Amino acid sequence: MPDLLLELFSEEIPARMQAKAADDLRRMVTDKLIAEGLVYEGAKAFATPRRLALTVHGIPARQADLKEERKGPRVGGPEAAIAGFLKATGLSSLDEAKIQSDPKKGDFYIALIEKPGRATIDVLAEILPVIVRTFPWPKSMRWGARSARSGSLSWVRPLHAITCTFGLETEEPDVVKFAVDGIESGQTTFGHRFMAPQAISVRRFEDYEAKLLDAKVVLDSERRRDTIVTDARQLAFAQGFELFEDPVLLDEIAGLVEWPVVLMGDFDQDFLVLPGQIIRSTIRNNQKCFVVRNAETGFLVPKFIMVANIEATDSGRAIVAGNERVIRARLSDAKFFYESDRKTKLEDRLYKFETTVFHEKLGTQAERITRIEELAAKIAPVVGADVSKARRAARLAKADLLTEVVGEFPELQGMMGTHYAQKQGEDGEVAFAIEQHYQPKGPDDVVPRLPVSVAVGLADRIDTLVGFWAIDEKPTGSKDPYALRRAALGVIRLLLENSLKVHLRVVLLFPLRFALVHANLARQRQLKQERAEENPQLAPQFAALAAHATEIGNRLRFGAPAQPDEARIIADLLSFFADRLKVQLREQGARHDLVDAVFALEGQDDLLMVVRRVEALGKFLDSDDGKNLLAGTKRASNILSIEEKKDKRAFDGAPDAALYKLDEEKALAKAIDQAKREAGAAVMNEDFTSAMSAMARLRPAVDAFFDKVKVNDEDAKVRENRLKLLNEIRAATRAVADFSRIEG
Amino acid sequence: MDALPAHMRPERSFQGLILTLQRYWADYGCVILQPYDMEVGAGTFHPATTLRALGPKPWNAAYVQPSRRPKDGRYGENPNRLQHYYQFQVILKPSPPDIQELYLKSLAAIGIDSRLHDIRFVEDDWESPTLGAWGLGWECWCDGMEVSQFTYFQQVAGVECAPVSGELTYGLERLACYLQGVDSIMELNFNGREGAEKVSYRDVFLQAEQEYSRHNFEVADTAMLFEQFKMAEQACRKYLEAGWRDGSKRREHLMALPAYDQCIKASHAFNLLDARGVISVTERQSYILRVRELAKACGEAWVHTETGRAN
């Protein structure tokens, strides 16, 4: 069966877009083929800086013919119906229709419609221009004289040529003829921009790829990546060193060259006084080069590895010299930044935060840092950190944002803070906390263990969360511009992985109030700018704000219990935490119904306890006792809900011991009492396993009750009392979980 | 190029580099303009680019533009950063299909041999929030050094470009450092002569860098600059309003260029205020927005002038 070759040849495509573009091209073309009834055998797409290419092999040469019978109106039916039938089927008269007899309904007209399949090459000529026109580049542009007209083609960069052929391996393939905004398809492409710029005539994928290789273009990015990494390792190894592997950089570089040539250069030993991260960031981000290290010590050596796009006539001497000069200048800049940073202590930079807006509704960075500091001091005893160290670390945690090195290399934020803190003689825990308070940065990142880092990390995230809740900027759907989901997950992991028992409802109140005060002040400042005091319309609003600020300030100072508005925000934030925790537990394989069963209990705001409960519950339900108790509870619940519906009432309230007629009733009542007491005590001691065992002891009494006792007794009073007893089973189990939420 | 005397060669002489580029683009058919006589932050601000990029009429021009970035001053001490430097600017409207080749040939003209050097087009999308302009293109790298910016203008002064222009901006000092093989801009040979006759970039500009850095960071009269900003803004609006020949019908404009000068003035006053550190982050946004509004109004006026409109 024939194959398709498609190449879209353009000016340089941004490296970061190439892989997705190749994938999109394959998907769009093959989806269309399938939609046209053309099932292909295989497809592969490629991208280089200057071309997207696609090969689809084993496509049928034609679409299958389509035969369809369409049922029409009754013979002798209304004229309008017959006219409609002819029009819809394309028949010129009823003579062309067949008549079919139906024993029940009489005679009907039937149209036989035959749609011959089209030649695939014609289908391709129709679908490909549409795909080019609607290609989903993240950013696209117009160019040239045609851009003066409306409807001119948009592409990622100017598109110059389209190669498109279709045919059998054994024959000369045909050009799939189409044109997009003046660019006509053909079978001519071009080689490497500098080493083989001539036109190349291609027939099909096999000779296309081979001819490109002759013309110094490696089509497959995988192959370019392999060449780069192998040669780079080799070059480093030959000098007794090791390549600092960097897959992200490797991907990018593979998208910057069609013909990778790996070279090595030097820089001045003196630059090694800089922290290795600065050297790496300089060389990597600005110059897209790899750094090299000593395999034993892990320290950088004064070498770097660059990847050129040409085999230069002087074997790359000029290229190496040029790159060395640029890297020298860049490292000089970095050294200059680093040395000037060292002249100012971290704390002496903080005044600048007073004029830096964190969020227009939440005030300045300086206010935020004050909040984090106060919160960190409050959290410190809970996590076992020294209060003054936690304060100090919180105060300095963001100061490196104001240094020149971090200004230049934002990814060094945190790491530079720790470095500068160490250099200025801060306590070790304080210094580490600056970098570590950002951790975990993602699901795979580690969670800090040092108490000061934990305190600041929690304070930072909790402040962010309560702050955005205070100004009602919560994540919605897929929108989470302030990464609040990540912040919540960070809090969860910090608490759980450090086994920290924290009642969030209590902990959240103080920072929430603090944030509310700052939000209020920010609003007041805004109104002041609009001269609200002098404006009679705005003056009352201003006065109300000022009064409200005083009120929250007092609550903050005297630690008043949560007011309804505050409680509402906290409840909402808690349910956000609960959702994040559910996601997290589910990802770790916990049953979501067990998580729900625990969260359904009142006042669950200690995440560590929730998780412990879920674990204990899971184990319990795996045991026979657990399964049977669950079955018994479910049975009780089912009976109750039926009877409740019947009587339109609930059977709550304590059963009357005087109304027990059978031993099994009395035994169950006693067992419930005991289970409640024991489980309650165990829960108080956070011993969920014992609480579950206490529940398990209910089981024989429950089983016996259902065996021997008929709930719906003739005596209405006895029936009511028995239903109340069933309700007690349900109530007792709520000491550990809401069993009605558990499946199975 | 062999015909050039040694002191005129781009790899020996800063002015030789400028002259070679001018000659190359003159040969192509560009109008060779002189620098705009106002303080601007980049060659793009020259009305020969900003305004001429608008409207359908073809336009090919090249010029050197002294560019002032008050914040980038380092008292002449940083080898690569200056508050005043030169850009060589080329604008081709509409962008010709072989514009990349034209650019590469210009590099060859100044002595960069593409068989010897690694020339790369690396993604760099350009946006000027103050000009209400954006485009897609690249930074052009030579052996890892950015030597030019290459942009296909999509929108300028809030107006869609139809047709699109291609803009090339050569950072002359950096390019010259590369060609002359020196590490610091101040070391550049300016006139290409040797010995007693040699004039270096330091001889020409070091004192200016020191004086202007002092001025920009420490002394520039902020009260005056705030006032200048306001006055330029008002004047711009006034000229724009007065320039409509037919009053409220707004069909033809007669004073887009003088109005645009005031927009440039406001922009420079803002840059100086920014360097003096008297504009907070929030205010900064609003100043940028105010300049953009002026630029957009000027663009709107321009497309109603003789040169800016369709016929």
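Here is a short, friendly tour of this two-chain structure, which is a predicted model.

1. **Overall form of chain A.** Let us begin with chain A, whose secondary structure comes to 25 helices and 18 strands. Its radius of gyration is 37 Å, well over the 27 Å that the globule rule gives for 744 residues, so chain A is more spread out than a compact globule. If you turn the C-alpha trace onto its principal axes, chain A spans about 100 × 100 × 70 Å. Buried residues account for 40% of the 744 residues in this chain. Looking at contacts in chain A between residues at least 6 apart in sequence, 68% join residues at least 24 apart.

2. **Domains of chain A.** The domain assignment divides chain A into five stretches or sets of stretches: domain 1 (3-61 + 119-214), domain 2 (66-115), domain 3 (221-341), domain 4 (347-586) and domain 5 (623-741). Domain 1 is written in two segments, and the residues of domain 2 fall between them in the numbering. In space, the C-alpha centres of domain 1 and domain 2 of chain A are 45 Å apart.

3. **Overall form of chain B.** Chain B has eight helices and nine strands. Its radius of gyration is 20 Å, close to the 19 Å that the globule rule gives for 311 residues, so chain B is as compact as a globular protein of that length. The C-alpha trace of chain B spans about 60 × 50 × 35 Å along its principal axes. Of its 311 residues, 48% count as buried. For contacts in chain B between residues at least 6 apart in sequence, the share that joins residues at least 24 apart is 66%.

4. **Where the chains meet.** How many residues of chain A are in contact with chain B? There are 38 of them, and they touch 34 residues of chain B. On the chain A side, the elements that give two or more residues are β16 (300-308) and α8 (317-342). Helix α8(A) gives the most, with eleven residues. By character, the chain A side divides into 18 nonpolar, ten polar and ten charged residues.

5. **A four-stranded sheet in chain A.** Strand β16(A), which we have just met at the interface, also belongs to an open sheet with the order β13-β15-β16-β14 and antiparallel pairing. The edge strands are β13 (242-243) and β14 (261-266) of chain A, each of which pairs on one side only. Between β14(A) and β16(A) there are six bridges, in the antiparallel sense. To find this pairing on screen, look for Leu263(A), whose bridge partner in β16(A) is Met306(A). Helix α5 (residues 221-238) of chain A lies across β13, β14, β15 (290-293) and β16, and runs at about 35° to β14(A).

6. **A proline within a helix.** Pro511(A) has its place in helix α16 (residues 504-529) of chain A. Is this proline buried or exposed? Pro511(A) has 24 other C-beta atoms within 10 Å, so it is buried. Leaving aside neighbours within four places in sequence, its contacts are Arg371(A), Leu375(A), Ile462(A), Asp463(A) and Val466(A). The C-alpha atoms of Pro511(A) and Leu465(A) are separated by 9.5 Å, while the two residues are 46 residues apart along the chain.

7. **Two positive phi angles.** Ala483(A) is not a glycine, yet it has a positive phi of about 55°. This alanine sits in the loop between α14 (451-470) and α15 (484-497) of chain A, and with 13 C-beta neighbours inside 10 Å it counts as partly exposed. In chain B, Asp143(B) is another residue to check, with a positive phi of about 50° although it is not a glycine. Asp143(B) is found in the loop between β6 (133-142) and β7 (145-156). Because it has 25 C-beta neighbours inside 10 Å, Asp143(B) counts as buried.

8. **Cis peptide bonds in chain B.** Lys93(B) and Pro94(B) are joined by a cis peptide bond, with omega about -10°. Pro94(B) lies in the loop between β3 (84-93) and α3 (99-109) of chain B. The bond from Ala162(B) to Pro163(B) is cis as well, with omega near 5°. Pro163(B) is placed in the loop between β8 (159-160) and β9 (166-171) of chain B.

Conventions: Residues are numbered from 1 along each chain as its sequence is written. Chains are lettered from A and ligands numbered from 1 in the order in which they are written. This is a predicted model: local features need pLDDT of at least 70, side-chain atom pairs count only at pLDDT 80 or more; totals for chains, interfaces and linings use all residues. Two residues are in contact if their C-beta atoms, placed from the backbone, lie within 7 Å. Ala, Val, Leu, Ile, Met, Phe, Trp, Tyr, Cys and Pro count as nonpolar, Asp, Glu, Lys and Arg as charged, and the others, Gly among them, as polar. Domain bounds come from an automatic or database domain assignment. Two strands pair if DSSP finds at least two bridges between them. Axes are lines fitted to C-alpha atoms, for helices over the stretch in contact, and angles run from 0 to 180 degrees between N-to-C directions. The radius of gyration is taken over C-alpha atoms; the globule rule is 2.2 Å times the number of residues to the power 0.38. A residue is buried if 20 or more other C-beta atoms lie within 10 Å of its own, exposed if 12 or fewer, and partly exposed in between; C-beta atoms are placed from the backbone.
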